[in-house]
Amino acid sequence: MSGRGGESAPDPTAPAIAFERVSKWFGAHAALRGVSLAVAPGERVVVCGPSGSGKSTLIRCVNRLEAHDEGRILVEGIEVDDDPRRVRAIRREVGMVFQSFNLFPHLSVLENCILAPMRVRGMARAEAEELAMSYLARVRIPEQAEKLPHALSGGQQQRVAIARALCMRPRIMLFDEPTSALDPEMIKEVLDVIGELAETGMTMVCVTHEMGFARRLADRMVFMDAGEIVEAGPPERLFRAPEAPRLRDFLAQILRD
Amino acid sequence: MSPSRGPERASRPALARRPRPPERYADARPGEIIAASPGVAALGALGFAATLFVLVWLAWRGSRDLGYAWQWYRVPHEIFRRVGGGWQAGPLVEGLLVTLGVSLRAMVLALLLGLATAAARLAGTPFLRGLARAHIEIIRGTPLLVQLYLFYFILAPLVGLGRFWTGTLALAVFESVFAAEVMRGAIRSVAPGQWEAARALGLGERTIWRRVILPQTVLPMLPPLAGILVSLIKDSAIVSVISVFDLTNQGRNIISDTFMSFEIWFTVAALYLMMTLSLSTLVNGIERRVRRLRA
Amino acid sequence: MAALAGGLAYVAHRFGSVLHYRWDWGSLGGALLHWSVAHHAWRAGLLLEGLEATLRLALWSSVLTFLLGFGFALCRISRSLYWRLLGGLYVGFVRNMPLLVFLFLFYFFLSSQILPLLGLDRLGHGAGPAARFWLGLLFGPPRELSAFVTGVFCLALFEGAYVAEILRAGLQAVPRGQWEAALGLGLGRRETLWRVILPQALRASLPALAGQVILLIKASSVASLISIPELTYMANEVSSSNDHVFETWTAAAALYFVVCFGAASLFARWERARGTALAAGPRA
Ligand SMILES: Nc1ncnc2c1ncn2[C@@H]1O[C@H](COP(=O)(O)OP(=O)(O)O)[C@@H](O)[C@H]1O
Ligand SMILES: [Mg+2]
């Protein structure tokens, strides 16, 4: 690797994401405290932890929606820093799905999906539409392509948001509590789509409170509290034999119901 | 004349069927996903100061080349002058007092008229309601200047009104429409549950108005009404057209005597700025306190 | 109620007995339309000519107002403190002073310092009759062009500050998640602003912007004070020449009302139609 942050072409052999002693403050409040974590290519990581523990901040630092204050973050070998070229290169390769969907309300479902491929990848409209329709079919709502987002249910909107991110053909996907804003009956349809995606070998980091889902899907589970990674390991072990008392409390609370 | 007020905003269509989780940190400025660092910000402030300096310098030099003689030293004389041993208000301060006098009187009248209009719209007979609507639409559909001329050329000679009161009345009638909208909005924003609860307690209609509904409208009404006073101060400049000697008119007079156009207009603008900014600061203070009281 | 009736009765009494005012709406006809013997056609009278100038003034200053307002709104939401300060200074300065003061200040500045440099008076001299007709329709008589341009700039610079605030509020009301989603997809700031944020902001600000156009039409009456022959100016001329003050000013007010109220109603209807269309959503 060349000097500090010089690289701007992705290196597929490097760790997909590497956090090296990353800290982040909001004013005097530390949201991340020296977090280190390496995500291998194709690995599926689930992040859990109580509200306010820094889970969102952690994954939002990956595509620079938040700027970290200390330490380094490398995405496929590219350092995440202030250089807008590198930031855009990273954002092209990293897809993100938000808790509140964030579909563009003035654009139809199809237009939501083709905007970035056309504007960022320079794809022709016909090609972009074909691509978008194939992903909309994969999330099982091709028939809604012409509708505006507000005409869809929450679960459908979230599946569109997933398709929209996939249309950029990212190698890494970040999910920030993708089902927390959904009615219970819609959670499954979204989790199924994410589960299928996991089987394609995509690198994924998913913040979620769906423990059954985490157990089935994750290669590794990361438990955060107060801006730190308290414990990490295979989900089976974390569920069976949690070491940290904080994790034990957390699991007890979340699995009670 | 009062560009701060458009038609009431249409409510935006809901984006999703079910309520969304609250946006994170809605108070963060959307443009600044990543804000500039303090160093860059300091550079910006410096650059801004430099730009201002260059602009002022260019204006000064340009005007000198065109033969404009700056005479700032004569301006203080127009604000305060020394007469005998004491100080006396110069024409600008006299004008300022007239502006304040017109605005405050017009405000009181506008409140009374606005109250009547709002009451007519909310509780009047169909005839009164229609009258109030017509009043509002006509005032909103014509320029303040034309209204002022109508008052000046027609009403004033009819009832023998002086210029000062003609201007005051025209401003009051104009602004009463906005006062009425504020009051109507405040009354309608009282939750319907309040009516139901009061009726369920067996209170009479009159008691409900006096003891339950109106007291709740006073606090939320204060900030927008103060905003109307700010608009009134600005709009009152129009009375200079019918030779009321307010701040603007005093400015025009001084300029016709001394030809110090830039100096006087900038001073007049600064005096208006002083009045409106100090009032706005006050309004913000009230607003914050009101919000705290209601929280 | 009784007070109102009493007041009206008193005013009527004064009309009849004290001033001996003689109503004569007929005298007004010529100020609206008159038969031109020379042209063998109906010609617009002074008041209608004034209305035409008012609409011209409002049209061009609206266009310029929106450009300026948009520019300053962008300044106000910029990440750079420099642009924010610049936009804040302009908006704060303009919104806290009377239109009249602003007008006199800029009229003097523009007409004495800037416009002579532009040489507008010579414009359109070489134009053919067709070009002249269109130029006249869009910008008014060439000999009044520099006054007209001054008026347009004054109004636009003033109202631009208010439009900037409307647009800034609209832009900042777009949820932060929209920025994040677009940036997260790899779009640049400019593309995000242009394709994602601005369309939503415009939609939300449309009612306020339409209201601003109506306010602009009304504000243009002040241009009469810098001798631009628009409706209010013409009404002044007519009323002082025909001595029928009441009829003339009523007619002028009515003309303004028709334009403003008409525009507001049209917009409200369009907005309602659009609102229902939006709520229904396009069906596949
Ligand atoms: N933009 C922000 N401004 C101020 N504080 C923030 C901001 N974003 C997050 N925080 C704070 O940082 C901490 C971690 O937040 P977050 O990463 O959203 O937690 P989680 O996603 O685990 O619930 C919280 O205490 C939160 O209040
Ligand atoms: Mg979170």
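Start by selecting residues 1-35 of chain B, where pLDDT stays under 50. The model still has 93 contacts beyond four places in sequence for this stretch. Keep in mind that you are looking at a predicted model. Now widen the selection to the whole of chain B: its mean pLDDT is 81, and 87% of its residues reach 70 or more.

**Next stop: a sheet of six strands**

Move over to chain A and colour its strands S6, S7, S8, S3, S9 and S10, which sit in that order in an open sheet with mixed pairing. At the edges you will find S6 (94-97) and S10 (228-233), each of which pairs on one side only. On average, neighbouring strands here are turned by 15° against each other, ignoring direction.

Zoom in on residues 172-176 and 203-207 of chain A. These are strands S7 and S8, and they pair in the parallel sense over five bridges. Show the residues A:Asp176 and A:Val207 to see one position opposite the other, with A:Val207 in S8(A).

Which helices go with this sheet? Select residues 84-93 of chain A for helix H2, which lies across S6 and S7 and runs at about 65° to S6(A). Then add residues 245-255, helix H9 of chain A, which packs on the sheet and touches S3 (44-48), S9 (220-225) and S10. The direction of H9 makes about 100° with that of S9(A).

**Along helix H4**

Now select residues 125-138 of chain A, helix H4. At 1.5 Å a residue, its 14 residues should span 20 Å, and the end C-alpha atoms are 20 Å apart, so the two agree.

Which residues of H4(A) are buried? Show A:Ala128, A:Leu131, A:Ala132, A:Tyr135 and A:Leu136. Look down the helix axis: the buried residues of H4(A) fall within an arc of 135°, so they line one face of the helix. Here is some background: an α-helix has 3.6 residues a turn, so residues three or four places apart point the same way.

Turn to the other side of H4(A), where A:Ala126 and A:Glu130 are exposed. To see what covers the buried residues, add helices H3 (109-119) and H5 (154-166) of chain A, which are included in that cover. Just after H4(A), click on A:Arg140, which takes a positive phi of about 70°.

**Last stop: a sheet of four strands**

Finish with the open antiparallel sheet of chain A, in the order S2-S1-S4-S5. Its edge strands are S2 (29-39) and S5 (78-79). Strand S4 (residues 70-75) runs antiparallel to S5(A), joined by two bridges. Select A:Val75 and you can find its bridge partner, A:Ile78, in S5(A).

Methods
Residues numbered from 1 in each chain as written. Chains lettered and ligands numbered in written order. Predicted model: local features only at pLDDT ≥ 70, side-chain atom pairs only at ≥ 80, totals over all residues. Heavy atoms only, no water. Pairing = 2+ DSSP bridges. Axes fitted to C-alpha atoms, helices over the stretch in contact; angles between N-to-C directions. Contact = heavy atoms within 4.5 Å. Expected span 1.5 Å × (residues − 1). Buried < 20%, exposed > 50% of the residue type's maximum accessible area, 1.4 Å probe, protein only. Arc of directions from axis to C-beta. pLDDT = per-residue confidence, 0-100.
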